[in-house]
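Biologist: I am new to this structure and would love a close look at one part of it. Could you pick a small stretch and walk me outward from there?

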Amino acid sequence: MIRSIIGRCLGRRWRTRGNLAEGLSLEGNLGGHFPGASPLPCAGDAGICERDFLMEGLALDSRKPLRRFRKRLLRAEPSFRILSKLWRVSWIYVLLICGLAGVGYIALYSAGGGSAKPFAGPQAMRFGFGLVLMITVAMLPPKALVRISVPLYVVSLALLVVVLRAGHVGKGAERWVMIGGTQVQPSEYAKVALALMLATWFSRVSYARMSNPLWLIPPAVMVLVPVGLVLKEPNLGTAVIIGGIGAAIFFAAGMRLWQIALLVLPLPMLAKIAYAHLHDYQKARITTFLHPESDPLGAGYNIIQSKIALGSGGMWGQGYLHGTQGQLNFLPEKQTDFIFTTIAEEWGYVGGAAVIVLLLILILGGMMMAIRSRNRFGRLLALGISVNFFLYCLVNLSMVMGAIPVGGVPLPLVSYGGSAMLNVMLGFGLLMSVWVHRNSRFGEEPDEQA
Amino acid sequence: MPWRRADGDAGLMRFRRKREKIRRLMPAREQKDPGRGVFTRRALLLMAVQTAALGTLGRRLYDLQISNGDHFAKLADRNRTSKRLLAPPRGLIVDRFGVVVAANKTNWRALLLPEETTDVQGTIERFSAIVPLDDRDRSRLGREIRHKRKFVPVMLREFLSWDEMARIEVNAPSLPGVLIDVGTTRSYPFGPLLAHSVGYVAPSNEQDVAKSTLLALPGMRIGRAGLEQSQDVLLRGQAGSVEMEVNAVGRVMAELDRQEGTPGDEIGLTLDVGLQQTIQNRIGDMAASAVVMDCRNGEVLAMCSTPSFDPSLFDSGVSRAQWAEWTNDQRTPLIDKTVAGVYPPGSTFKPAVAMAALNSGLISATDRFFCPGHFDLGGARFHCWAKHGHGSVDLHLALKYSCDVYFYEAALRIGMDRIAEASHALGLGTDLGIELPHQRPGLIPTPEWRQKHKHHWNGGDTVVSGIGQGFVQVTPLQLATYASRIATGRAVDPHLVRAVNGDIGGQVDPQHSPEIPMDPKYFQALREGMFAVVNEKHGTAPKAQLTIPGVQMAGKTGSAQVRRVSRAMRESGHFNSAQLPWEYRPHALFICFAPYDAPRYAVSLVIEHGNAGADVAAPLARDIMTDTLLRDPVNHRTLPGQTVADAG
């Protein structure tokens, strides 16, 4: 039932656009492919694949010559291809992204003490750049994405190592301090790179093959290496997110339940044994980490002040630019990790809940794009990106509400900061690319279609 | 659409459309890819998990913002507002002519609010790099920080210069919780002159803070002696408060509410600083005390107790050396001798015994006793100061000659209880209730009192008490009151506070004090006796005669032994008390009032170990009285004789 409801929603929207597209004479009126149509895998240009199916399927079409002409025209003229792809970008989704960035702009304006100068202005410029990046990436076909996945992954790993080295040379890196020079935070890019890498791997390793656990070992290594590097920074928040992305992709790619059980069940026992082998001071460190309230002026200060800010917001908030906790600087990191607190303090529960709903819509929309993709690569990539976005939100909001220890994870698109913003926009670009090329059958192995 | 029309079969069309729809909704099936089906199911599961997770967060947000909103809102308010009490300026003390004797001086202070800095010790260290703190400051700081509540600022340094203040302000970011405050400190323009009566203030300690939170404010002083102590509540005033909005580092963003405190009341004294200065100059550095009273209404015009000390030293703390110097001085500079110094009154006690005798009805003014120079009781012999006696004396002569034997006899006849009763009525040996702390009541001994201390009272005790020796102890203030009461016949009470905030009570009125319930004739007899002491031939204090034409003074001398004169010393013949060590010499006392015909001022003078009252105290008292009479601008014009002399 759920499936039919969601399907209907998406289907209608999709059909509407199809009709509109017909009105603009750019593409056919029906998506999907028809039985009997030759399953022609698109070679280089995945963007035209769908149209290829359409053309083949519409053999009885009386306007066939005209369509052939258009097809030739589109093939001959790359700008038209770009236009058609642009048309297929989910502009509603882009609008939602802009909405979230708008929320961020408003919140940063307030965090800057009622001025766009310190945070909101630069952030808006970054978002503009990110938007361009996103649309550009959205134009890239799956094949291109696959091609760049391995180098991107290797480079991100290398960057992580460099950061680790630099961090050791410099002073001990704090969890929420930006590491790696001025603007770049490689752990952010590692998330996207990992999602891309795993999607590439699993696009070659079909569901059927996955019953053999040997196929799972290389991707497991791909996940564990960046997780270990990030843990060593140490940045637990990002490590959890990277691990979460990996786990989600493994799960969605079709890891067998017995494999999952085999992995998950011994975990508590292993943890217990490991804990027993820890030194006392290490145990104490873990305890402090899990209970920051025991240190109200140190690590616990942020969370206590954050909770106070949230609580003082009430139902309707203290009014825009009138949140005392934020405006009087009681909130630490109010423009970065704790931006949500500023929003919830000034706009109240209504504002906070609205932001959560907006985030949920973006997450679920991304997941739907994943489901709607016709190729395994796209599905897994979109899922990875969506889970990444979800985990960002989850960790940040939990942290802000004092549910988990402070972890240096920003609220995507809202928090001030360049690396996270560009990483998220890059992710959305990939997601949009998957959506634009959703009908491409790239990477599907013929033997599985039987 | 053309291809559907060509198909032509409506049923097939419907079927195809439906199938197409199903395929669109469930795209997994059409792919024949089991992986996609699994993916869709699991992705939907993940979506459910994601929705649930964010829903939980929304729920938690609800708990934080709505369910516990009030609690957190309160915490937020506590975060942002900072309430500070404003110390009210301490009231001034002025003399009877409005001369300020205790004032407030501006004092720039650096304060530390311990709750606004996470590292108190570090802040203190950084501060001391800018403005040096010595060890005493540090130990005091440590004590104050331990004992005061965290929201009450503690004093880092006082009396900052402009230069130091500028340096502190420049370094403000590295000194969280440090604030500059303008406060006041107490200054005493006349220094030691009024130290005893006005007293001094000192920073409040923990016990004071327990009594009044106002005193917890830094820079609040509490009176520790004299009027500063007794009038402390009036002088203190009411604290104001200021509520400010502060940011996380304690910087004041806005002032939300301000209530100015009420300054302390201005206390107007009966003292005359000019007269006090004159008397002080006359006394010099003798250990002495002098009280000048308006005998009509009990206003104390001057209260000298020498030597004195500098009261302003107590505000900033007295050094150990200075303290040792004060406490080791035999002349007891720290004790206010006028109210806390008790002396045997000696012969100045005789008018009181005379009053008791007259009042008892057992002895009349005309009754005569024979003085052979000694008085025998049981086996003991009590000597008169005149070795060969005064012969037959009545009351008038007894007072004039200060005959001891007469008063031995009188005391023995009337008994100690009557003497005590009359003395108390005249203001001796009682608490006079003047506005000074630490006053001592003195003592008029009675058999009952002696019994209380498990001793038997015998006749000899009565005899020596009759001449103001033995256990009898009075203060100079009591002596002045005593003189005033004899002069007026009224129970005048000495007081120092004349006005509060310029409002003079009804105390100037001479009718204010009730008459003492004794026959005015008896008072007249005493006055005549005391007049004779000064003005008649063979009186004991001829040196005390006033030189102001037409104004006469009545008085009584006293030489109080502090040590028994042994028979051997007496019989050696050349006993001279002036050759004794200082601390064994008798005290010299004198009481007097003037003008005789219309008593206006009473003076008592006690010179510790000054030897003879007649030789040392009487001339000095006369000078003091002269000063007093000449100084009063009102009296100046109306002095009888003065106008005559001017006219002549």
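**A helix and its surroundings**

Modeller: Let's start with helix H12 of chain B, residues 232–236, where Arg236(B) and Asp232(B) both lie, four residues apart, or about one turn of the helix. Please keep in mind that this is a predicted model. The two side chains form a salt bridge, with the closest N and O atoms 2.6 Å apart. Is this pair buried or exposed? Both Arg236(B) and Asp232(B) are buried. They also belong to a network of salt bridges that links them with Arg90(B), Arg186(B) and Glu228(B).

Other salt bridges in chain B make useful companions to this one. In helix H8, residues 162–170, Asp163(B) and Arg167(B) are also four residues apart, about one turn of the helix. Their closest N and O atoms are 3.4 Å apart in the salt bridge. Arg167(B) has a relative accessible area of 36%, so this residue is partly exposed.

A further salt bridge reaches along the chain: the side chains of Asp615(B) and Lys543(B) meet at 3.2 Å, N to O. This pair links distant parts, 72 residues apart, with Asp615(B) in helix H26 (residues 613–631) and Lys543(B) in the loop between helix H24 and strand E19. Asp615(B) is partly exposed at 47% relative accessibility, and Lys543(B) is partly exposed too, at 42%. Over all chains, the count comes to 28 salt bridges.

Now let's move to a strand. Which residues of strand E11 in chain B are buried? Seven of the seven, residues 288–294, are buried, so the strand is largely enclosed by the rest of the structure. In a regular strand, side chains alternate between the two faces of the sheet. On one side of E11(B) you will find Ala288(B), Ala290(B), Val292(B) and Asp294(B), and on the other Ser289(B), Val291(B) and Met293(B); both faces are covered.

E11(B) has strand partners that you can trace in the model. Six bridges join it to E12(B), and the two run antiparallel; here Ala288(B) stands opposite Thr306(B). These two strands form a hairpin with five residues between them, and Gly298(B) in the turn has a positive phi of about 85°. E11(B) also pairs with strand E21 of chain B, residues 601–607, in the antiparallel sense over seven bridges. There, Ala290(B) has Leu605(B) as its bridge partner.

Aromatic rings offer another set of links, and a search of the whole structure finds 16 aromatic pairs over all chains. One of them is edge-to-face, formed by Tyr349(A) and Tyr62(B), at 5.3 Å centre to centre with 80° between the planes. Tyr349(A) lies in helix H16 of chain A and Tyr62(B) in helix H4 of chain B, so the pair joins two chains. Tyr349(A) counts as buried at 17% relative accessibility, whereas Tyr62(B) counts as partly exposed at 31%.

Within chain B, Tyr200(B) and Phe309(B) form an edge-to-face pair, 5.7 Å centre to centre. Tyr200(B) is in strand E6 and Phe309(B) in the loop between strand E12 and helix H14, so the pair ties together parts that are 109 residues apart in sequence. Both of these residues are buried.

Finally, here is the wider setting of our starting helix: chain B has 28 helices and 21 strands, and 53% of its 648 residues count as buried.

Terms used:
Residues are numbered from 1 along each chain as its sequence is written. Chains are lettered from A and ligands numbered from 1 in the order in which they are written. This is a predicted model: local features need pLDDT of at least 70, side-chain atom pairs count only at pLDDT 80 or more; totals for chains, interfaces and linings use all residues. Side-chain values use heavy atoms; hydrogens and water are left out. Buried means under 20% relative accessible area, exposed over 50%, partly exposed in between (1.4 Å probe, protein chains only). Rings of Phe, Tyr and Trp (its six-membered ring) pair if their centres lie within 6.5 Å; planes under 30 degrees apart count as stacked, over 60 as edge-to-face and the rest as tilted. Two strands pair if DSSP finds at least two bridges between them. A salt bridge is a side-chain nitrogen of Lys or Arg within 4 Å of a carboxyl oxygen of Asp or Glu.
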